[in-house]
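Hi everyone, thanks for coming. I'd like to walk you through one structure today, so please have the sequence and the model open as I go.

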Amino acid sequence: MPVIQPPSKVLVSGANGYIAMWTIRDLLEHGYSVRGTVRSAQKGRYIRKYFADYGEKLELVVVEDITKAGAFDEAVKGVDAVAHTASPVFSGGQSSDMTLLPVETAVKGTIRVLQSALQFGQSIKRIVYTSSGVAVMHEVDQPTTFTEEDWNLPGINALKEQGKNASDIVKYRASKVLAEQGAWSFVEEHKHEISWDLTVVNPTLVFGPAIHEVTDPTSLNFSAQLFYDHVADPAKSDKVARQSLSNTLYTWVDVRDVGEGQRRALETPEAGGERIIISAGPWRWQDFIDAANSLDPPPQLSKPLPKGNPGVGSQHSCMSYLDNTKSQRILGMKYRSIAEVTRDTFADYEARGW
């Protein structure tokens, strides 16, 4: 029997995010009710409009600061499960005004959800926390396969060494590791008190169409903007060394599969207490570029498509391969292909007039 089933109510934190919006959509489409948290009423207006057809099945509450004690006390009351997606996102580059705030926010925000669930979530049966593939893998100099048993401990060491001078990507990686470790430690410490269990999903680099509020390509989140710059913008794509278009450094996943994975993790009894990588497999930019140029009819965009090196093979094996076997075995995941995500993402660009 599923841990939860429709019409159970699920709390989704950070409801206006790239992954969270698809998680909410998947839950609503499968008959669940959703309570989403946003940082302000203004951030909730677009969400209400987008999901207007679901009426009272969607409820939004304001949690201004997820790091404050008691931040989620009211939000967790009366829900059957929690999908915690709220966390600082990587913006790219180096922000001179950033200290260690993203790390503190990620760690504290995650612990606050768990504390509130412990104290006021009497009806909660399962919490699914969205961590990241970067909490699993680390930089390597030879092809390496990573599983759920691995942790990015070098990422924490890099943050300790660099401190406030660390780049945003170093802070982001460390925040994901520390927040997830904190979640598991909290559960272990309170295992005799909690009435729910924890599942952690670790999605890799996330691509796919956006349904959260965006105005132009520059307002896309980091991974979606990477995709646009490399696969849809010829000026930016041409600046990338042609060698890198055929390199395979990491694995990817469609954002819609991440949303589905969240729901399956909430429902599946065997997922309790598990850490699960969500990943479709290796990728290289040239594969997406070739898929875009193979679309028939071709997308009507404001710019011509990049060409790269059509049909070029990968120059080496995937450097950091994240094994998705567990997600298929426990959650029954079947992942979308490069052709599918490219087709649907470019349909989104065309609809937006990009």
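Before anything else, this is a predicted model: local features need pLDDT of at least 70, side-chain atom pairs count only at pLDDT 80 or more, and totals for chains, interfaces and linings use all residues. Residues are numbered from 1 along each chain as its sequence is written, and side-chain values use heavy atoms, with hydrogens and water left out.

When I say H or S, I mean DSSP runs numbered from the N terminus: helices (H or I) of at least four residues, and strands (E) of at least two. Two strands pair if DSSP finds at least two bridges between them.

Let's start with a sheet. Strands S9 (residues 251-254) and S11 pair in the antiparallel sense over 2 bridges. In that pair, threonine 251 has proline 282 of S11 as its bridge partner. With S8 added, 3 strands form an open sheet in the order S8-S9-S11, and the pairing is mixed. Strands S8 (205-207) and S11 (281-282) stand at the edges with a single partner strand each, so one side of each is left without a neighbour in the sheet.

Now to strand S7. How many of the 7 residues of S7 are buried? Buried here means under 20% relative accessible area, with exposed over 50% and partly exposed in between, using a 1.4 Å probe and protein chains only. For S7 (residues 197-203) the count is 6 of the 7, so this strand is largely enclosed by the rest of the structure. S7 pairs with strand S5 (residues 126-130) in the parallel sense over 5 bridges, and arginine 126 stands opposite aspartate 197 there. S7 is also joined to strand S10 (residues 275-278) by 4 bridges, and those two run parallel. Proline 203 has isoleucine 278 of S10 as its bridge partner.

Strand S2 (residues 33-38) is another covered one, with 6 of its 6 residues buried. Ser33, Arg35 and Thr37 point one way from S2, while Val34, Gly36 and Val38 point the other way. S1 and S2 run parallel and are joined by 4 bridges; one of the partnerships is valine 12 with glycine 36 in S2.

On to the helices. Helix H9 (residues 255-267) has 13 residues and reaches 19 Å from its first C-alpha to its last, close to the 18 Å expected at 1.5 Å a residue. That expected span is 1.5 Å times one less than the number of residues. In H9, 12 of the 13 residues are buried, so this helix is largely enclosed by the rest of the structure. Its buried residues include Arg256, Asp257, Glu260 and Arg263.

One residue to click on is alanine 265, found in helix H9. Alanine 265 is buried, with a relative accessible area of 0%. Leaving out residues up to four places away in sequence, alanine 265 touches Arg126, Val128, Thr199, Val201, Ala271 and Leu331, where contact means heavy atoms within 4.5 Å. The C-alpha atoms of alanine 265 and serine 327 are 9.2 Å apart, although their positions lie 62 residues apart along the chain.

Next, which way do two other helices cross? Helix H6 (residues 222-231) and helix H12 (residues 338-352) pack at an angle of about 90°, with their axes 12 Å apart. That makes H6 roughly perpendicular to H12. For the terms, axes are lines fitted to C-alpha atoms, for helices over the stretch in contact, and angles run from 0 to 180 degrees between N-to-C directions; under 35 degrees is roughly parallel, over 145 roughly antiparallel, 65 to 115 roughly perpendicular and the rest oblique. Ala224, Phe227, Tyr228 and Val231 in H6 meet Thr342, Thr345, Phe346 and Tyr349 in H12.

H12 has buried residues too, among them Ile338, Val341 and Asp344. What covers the buried residues of H12 includes S8, H6, S9, H9, S11 and H10. Just after H12, glycine 353 takes a positive phi of about 75°.

Last stop, the backbone. The peptide bond from proline 6 to proline 7 is cis, with omega near 5°, and proline 7 sits in the segment before strand S1 (9-13). Another cis bond joins aspartate 296 and proline 297, with omega about 5°. Proline 297 lies in the loop between helix H10 (285-293) and strand S12 (320-322). Thanks for listening!
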